Amino acid sequence: MKKPNKKRKRRTSLYLVVVLVIILVVTMGVQGMALSADCDKLSAEQTELEEKKRELEEQREEIESKSEYMKTDAYIEDVAREKFGLAYDDEIIYKAADSE
């Protein structure tokens, strides 16, 4: 009678190992899907951040360009004309009449 008992123990051990392997595979599958979702999320975030970086670089270039323009005499003339209404001696300034 010892033989059937040994077979039963081996069979039980085999079933236990198979169940543990199945649990391990299922756990790894669930974790893999979770990691895949995280990867997709991070990829989308990376794309968004790269777009924001590109926009910020464009803004930086515009600011640098404006900064260079502000150092020129043309900028000083434009500001003097717009804010203070200044003009050269030989220029004639025409203003539209206020319509009421």
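**Entry 1. Glutamine 46 and the course of helix H1**

I began with glutamine 46 and found it in helix H1, which covers residues 2-70. The model I am reading is a predicted one. With a relative accessible area of 46%, glutamine 46 is partly exposed, because that class lies between the 20% limit for buried and the 50% limit for exposed. I then took the separation from glutamine 46 to lysine 7, which is 39 residues away along the chain, and the C-alpha atoms lie 57 Å apart.

**Entry 2. The chain as a whole**

I looked up the secondary structure of the protein chain and noted two helices and zero strands. Its radius of gyration is 39 Å, well over the 13 Å given by the globule rule for 100 residues, so I recorded the chain as more spread out than a compact globule. Along the principal axes, the C-alpha atoms fill a box of roughly 125 × 40 × 10 Å.

I next asked what share of the 100 residues counts as buried. The value is 1%. For the surface, I noted that the protein chain exposes about 10,200 Å², with carbon and sulfur atoms supplying 59% of that area.

**Entry 3. Charge distribution**

I looked up the charged side chains of the protein chain and recorded 18 positive and 22 negative ones. The centres of these two sets are 39 Å apart.

I then turned to the patches of like charge. Lys6, Lys7, Arg8, Arg10 and Arg11 form a positive surface patch. Of these residues I examined arginine 11, which has its place in helix H1. Arginine 11 has 49% relative accessibility and therefore counts as partly exposed.

A negative surface patch is made up of Asp73, Glu77, Asp78 and Glu82. Here I examined glutamate 77, which lies in helix H2, residues 73-84. Its relative accessibility is 33%, so glutamate 77 also counts as partly exposed.

**Entry 4. Salt bridges within helix H1**

I counted five salt bridges by the rule applied here, and I looked at several of the pairs individually.

In one of them, the side chains of glutamate 58 and arginine 54 meet at 2.4 Å, N to O. Both residues belong to helix H1 and are four residues apart, about one turn of the helix. Glutamate 58 is partly exposed, with a relative accessible area of 37%, and arginine 54 counts as partly exposed at 37% relative accessibility. I also noted that Arg54 and Glu58 are linked with Glu51 in a network of salt bridges.

A further salt bridge joins the side chains of glutamate 64 and arginine 60, at 3.1 Å, N to O. This pair, glutamate 64 and arginine 60, is likewise found in helix H1 with a spacing of four residues, about one turn of the helix. I recorded glutamate 64 as partly exposed at 43% relative accessibility. Arginine 60 is partly exposed with a relative accessible area of 42%.

**Entry 5. A salt bridge that leaves helix H2**

I asked where the two partners of the salt bridge between arginine 81 and glutamate 91 are placed. Their side chains meet at 2.9 Å, N to O. Arginine 81 is in helix H2 and glutamate 91 is in the segment after H2, ten residues apart, and the pair thus links distant parts of the chain. Arginine 81 is partly exposed, with a relative accessible area of 33%. Glutamate 91 counts as partly exposed at 31% relative accessibility.

**Entry 6. The nonpolar patch**

Finally, I looked for nonpolar side chains on the surface. Leu14, Val18, Ile22, Val26, Val30 and Met33 form a nonpolar surface patch, with about 560 Å² of accessible area together. From this patch I examined leucine 14, which lies in helix H1. I asked whether leucine 14 counts as buried or exposed. At 52% relative accessibility, leucine 14 counts as exposed, because exposed means over 50%.

Terms used:
Residues are numbered from 1 along each chain as its sequence is written. This is a predicted model: local features need pLDDT of at least 70, side-chain atom pairs count only at pLDDT 80 or more; totals for chains, interfaces and linings use all residues. Side-chain values use heavy atoms; hydrogens and water are left out. Patches are made of residues with over 30% relative accessible area and no salt bridge: like charges are joined within 9 Å, nonpolar side chains (Val, Leu, Ile, Met, Phe, Trp, Tyr) within 5 Å. Accessible areas come from the Shrake-Rupley method with a 1.4 Å probe; for residues, only the protein chains shown count as cover. A salt bridge is a side-chain nitrogen of Lys or Arg within 4 Å of a carboxyl oxygen of Asp or Glu. Lys and Arg count as positive and Asp and Glu as negative; His and the chain ends are not counted. The place of a charge is taken as NZ of Lys, CZ of Arg, CG of Asp or CD of Glu. Buried means under 20% relative accessible area, exposed over 50%, partly exposed in between (1.4 Å probe, protein chains only). The radius of gyration is taken over C-alpha atoms; the globule rule is 2.2 Å times the number of residues to the power 0.38.
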